[in-house]
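Me: I would like a close look at one part of this structure, namely the salt bridges and the elements that they join. Please take the charged pairs one after another and then follow them into their surroundings.

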Amino acid sequence: MVKINLLDIPDDQQSSSKPQQTPPDPSNSGGVIDDFSFFPTEEENQETTETMTETQDLQPSYFEQVDDTAEQPNPFSGGEEYKSEYSSGPPSSFDSGPSKSRLFILGGVVLLTIIALLAYLYFSTQQDDTPEFITANPNLEQTDLTANGQPSNTQQPQNVIPASLQSRYSNNQAQNDLHLNYADNILNTSTPGTGYSLAVFTSGYIYLSVLGDSRDAIAEYRKVMKNSNPRLNLTVESIEDKFVGGEKKLLADFSILTNDASGQGGRSGQFGNIISVQQAQSAVRSTAQKHQLRTIYFKAGNQSTEGSLRKTYLYTRVSGSKTSVIQYLNELSDQYPAINFTKISMYPPQSATIVNSDINAHIEMIVYGPR
């Protein structure tokens, strides 16, 4: 091969394979730097090429056939293999060891519970074949039993109301009837020139205040009252002058002693239910509304005891016609025997004497119940 020297440089001045490096002239600071030592030399390039060749020989080529069956090391694994519940392996089967054991244990517990419950029901049934009413009161005589040992249907149930309360209910109605009969008879007895300014019906006594035009009118009233009610003995307590509307009149006060023993016989029959204080209070108001009476006043008073009974006091005041008041009191007595009227006061709300169309009635009563 023929060498061609294009630069016309002598051969002895051409650079060898390892050119010498000439230090730069310090005086040539403004010139171009001719130091290219940062470029790798030919020898360094050759060494680098040989190293890369050796490395490529140790690693398989990208296109080399690799055996898939061989276990390939995980380059990212470090000593211990990482495992978690989110691993890519297949999920554990439902029939795995721990889950299956828990299922068997749960089934066994349920089975034992059912067996224990059935055994308890069986033995409790065998031990208590006695009827409930006999178990509750072992002192009852076991009579009127059928052939199979069961009580017959001819046995009557015990009344829920004690005998003392039954008697009290009966006496209440008898006393109420007596007072209301007096009230109805007296208030419907009148004579010309007279009228009632007050009528009070209480246990054992009746008080009447009669307003008359003259003494003759008062005397006529007393005569008619004795004839219509021969058993009633009117006693004159006082007579005084009274001016009404600028006119002079007479006000006569009478007292009547009544025999409440006539009402002690009571009504026949049995009462099935105990009437509570709350029921009586509700009845006093609702029954007044039913008879178109206006309730002006209502109050529940104190409680006290009488033997084996409890007494609760009630007070009410209603306004309406005389006929409606009498009907109202009669219905309370019939429907609610726990109520006993202890005092009934009737008087005119505005006028001087009672008229049929408008009166006030103040009622004091006791509601009886068991202690």
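Reply: In this predicted model, a convenient place to begin is Glu 306, which forms a salt bridge with Lys 311, the closest N and O atoms being 3.4 Å apart. Lys 311 has a relative accessibility of 12% and therefore counts as buried, whereas Glu 306, at 33%, counts as partly exposed. Glu 306 also forms a salt bridge with Arg 168, and here the closest N and O atoms are 3.9 Å apart. This second pair links distant parts of the chain, since Glu 306 lies in strand E5 (residues 294–306) and Arg 168 in helix H4, 138 residues apart. Arg 168 is buried, because its relative accessible area is 12% and the cut-off for burial is under 20%. Taken together, Arg 168, Glu 306 and Lys 311 are linked in a network of salt bridges, and the structure holds 6 salt bridges.

Another of these joins two helices: Lys 290 forms a salt bridge with Glu 331, with the closest N and O atoms 2.8 Å apart. This pair, too, links distant parts of the chain, with Lys 290 in helix H6 and Glu 331 in helix H7, 41 residues apart. Lys 290 is exposed, as its relative accessible area of 56% shows, while Glu 331 is among the buried residues of H7.

Helix H7 itself deserves a closer reading. It comprises the 14 residues 322–335, which at 1.5 Å a residue should span 20 Å, and its end C-alpha atoms are 20 Å apart, so the expected and modelled spans agree. Besides Glu 331, the buried residues of H7 are Lys 322, Ser 324, Val 325, Ile 326, Tyr 328, Leu 329, Leu 332 and Ser 333. As a general point, an α-helix has 3.6 residues a turn, so residues three or four places apart point the same way. The buried residues of H7 pack against two helices, H4 (163–187) and H6 (277–290), and against three strands, E6 (309–320), E7 (339–347) and E8 (359–370). Helix H4, which holds Arg 168 of the network, and helix H6, which holds Lys 290, are thus both packing partners of H7.

For the wider setting, there are 7 helices and 8 strands in the protein chain, and buried residues make up 28% of its 371 residues. Of the contacts in the chain with a separation of 6 or more, 64% are between residues 24 or more positions apart.

Aromatic side chains also make links of this kind, and the structure holds 4 aromatic pairs. In one of them, the rings of Tyr 205 and Tyr 207 have their centres 6.0 Å apart and their planes at 15°, so this pair is stacked. In another, the rings of Tyr 221 and Phe 254 have their centres 6.0 Å apart but their planes at 50°, so that pair is tilted. The tilted pair links distant parts of the chain, with Tyr 221 in helix H5 (residues 215–228) and Phe 254 in strand E4 (residues 247–257), 33 residues apart. Tyr 221 counts as buried because its relative accessibility is 1%, and Phe 254 is likewise buried at 2%. Together with Tyr 196, Tyr 221 and Phe 254 form one aromatic cluster.

Key: Residues numbered from 1 in each chain as written. Predicted model: local features only at pLDDT ≥ 70, side-chain atom pairs only at ≥ 80, totals over all residues. Heavy atoms only, no water. Helix = DSSP H or I, 4+ residues; strand = E, 2+ residues; numbered from the N terminus. Expected span 1.5 Å × (residues − 1). Buried < 20%, exposed > 50% of the residue type's maximum accessible area, 1.4 Å probe, protein only. Contact = heavy atoms within 4.5 Å. Phe/Tyr/Trp six-rings, centres within 6.5 Å; stacked < 30°, edge-to-face > 60°. Salt bridge = Lys/Arg side-chain N within 4 Å of Asp/Glu carboxyl O.
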